[in-house]
Amino acid sequence: MPGRTCIGIVGWRGLVGSVFIKQLAANINNENTKFIFLSSSYKRLIKILKGSYYVKKANDVKALLKCKIIVTMQGSGYTDITLAKLRNLNWVGYWIDAASSLRRLLNVCVVLDPVNSSNIKRSIEASKKSFVGGNCTVSLMLMALHSLIRRSKMKWMFVTTFQSVSGAGANYVKSLLLQMAVLSRVRFRNVISSSIQFRISDPNASETVAGSIVSWIDEETNKLGTSKEEQKGLIEANRILDLPMKIHVGGVCVRVGVLRCHSQSFLIKVERKMCFGCVADIIQSTSRWVKLLPNRKPYSRLLLTPEVISGSLVIAIGRLKKMAFNSGLLSMFTVGDQLLWGATEPIKRTLKLFCPTTN
Ligand SMILES: NC(=O)c1ccc[n+]([C@@H]2O[C@H](COP(=O)([O-])OP(=O)(O)OC[C@H]3O[C@@H](n4cnc5c(N)ncnc54)[C@H](OP(=O)(O)O)[C@@H]3O)[C@@H](O)[C@H]2O)c1
């Protein structure tokens with residue numbers, strides 16, 4: 001049918017992709033949109049988004065060139081090879097990506113609507129063609145704190161993350177489930193025996209996360225012992241906020257055996273003179289998704305958990321308190337679904353700007 005917007009979707013089988021498809025499914029108008037699904041390993045007829053499609057090869061350039069928009073949740077390797085190929089063939093469509101490889105390029109907009117919606121609009125007006133979601137931890141951090149950062153003129157923050165396994169892809173989640181299954185078969189007396197040092201990983205997994213934690217995420221950067229994941233906190237937060245004065249973001253990123261919510265513990269200093277109640281008000285009024293919970297035991301234990309937040313767009317903030325040793329310092333704890341605000345929601349909202357049939 002002429003006039004329909006052709007959208008290519010790559011990475012729909014992965015963790016981010018499958019959540020993205022679910023969100024899109026509820027709001028799609030097939031009359032105005034034509035989809036092409038591509039995969040590097042899956043070659044069958046699929047029933048998806050109220051239609052049936054023959055899956056094309058992920059590197060099918062002819063099919064990709066037909067797309068006005070390509071949404072990819074496949075990974076940086078795919079982006080690096082494919083986008084360059086398409087641009088060399090004068091493809092002028094929009095590239096919307098969840099992977100990290102383009103995030104530092106100047107002709108790319110790192111998207112997190114509503115935090116930088118005006119920047120996204122300016123980028124479209126300036127004819128930018130590549131729009132990339134931010135790092136999951138950074139997006140969740142800014143969804144919680146962007147208003148306070150801007151209004152309090154915050155100069156630095158320190159964050160310790162508790163990142164879920166979904167942040168590392170489908171196979172990592174499968175590995176955690178396998179490790180838990182192995183763990184559940186271990187005899188109790190063996191678990192508590194100090195002589196038992198079992199590795200519960202499956203042979204394909206590089207690390208154990210069930211009953212353990214992983215205290216380094218992503219590559220080494222050789223700069224002050226900072227991991228690449230921690231470096232993203234500084235670079236991407238500033239890229240998205242686009243403030244006149246850079247905010248220093250330092251911290252430690254840790255993987256824990258949680259399924260799909262990232263939690264983060266913050267230490268911050270509010271520069272502008274403002275009372276504790278004002279800080280709480282600013283956080284609470286950040287957006288309709290932010291819920292500030294009273295710093296009380298029952299609220300924290302019942303509501304400030306991945307179990308409760310999983311599958312929802314709510315960004316829960318709690319444990320807001322002054323440090324006893326320095327009342328100028330505040331700490332707080334947040335929980336957010338990293339597959340939603342950390343991955344698919346910014347991509348979905350960007351797609352909607354180019355293709356108003358999606359909600
Ligand atoms: N996970 C997150 O929360 C998150 C957040 C922000 C950004 N990102 C970025 O988004 C990109 C995709 O992340 P992801 O977590 O969705 O990766 P993923 O689950 O590993 O999926 C990526 C691709 O791997 C292939 N694949 C291999 N084994 C698979 C399996 N067992 N099940 C499903 N697919 C499998 C699929 O491609 P084929 O169809 O071609 O086989 C799939 O599209 C990455 O660049 C990541 O850095 C992820």
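Two strands count as paired if DSSP finds at least two bridges between them, and the helices (H or I, at least four residues) and strands (E, at least two) named here are DSSP runs, numbered from the N terminus. With that in hand, look at strand S10 (residues 156-162) and strand S12 (residues 261-269): they run antiparallel and are joined by 6 bridges. Phe162 sits opposite Ser263 in S12.

A word on the model: it is predicted, with local features needing pLDDT of at least 70, side-chain atom pairs counting only at pLDDT 80 or more, and totals for chains, interfaces and linings using all residues. Residue numbers start from 1 along each chain as its sequence is written.

Now zoom out to the sheet. It's an open one with 6 strands in the order S11-S10-S12-S15-S14-S13, and the pairing is mixed. Strand S11 (248-252) and strand S13 (290-292) are the edges, each pairing on one side only.

Helix H5 (residues 136-152) lies across S10, S12, S13, strand S14 (315-323) and strand S15 (326-337), at about 55° to S12. Helix H12 lies across S12, S14 and S15, at about 60° to S15. For these angles, axes are lines fitted to C-alpha atoms, for helices over the stretch in contact, and angles run from 0 to 180 degrees between N-to-C directions. Contact means C-beta atoms, placed from the backbone, within 7 Å.

Finally, the domains. The automatic or database assignment gives domain 1 (5-134 + 343-354) and domain 2 (137-337). Their C-alpha centres lie 27 Å apart, and 14 residues of domain 1 are in contact with 16 residues of domain 2.

How values were computed: Two residues are in contact if their C-beta atoms, placed from the backbone, lie within 7 Å.
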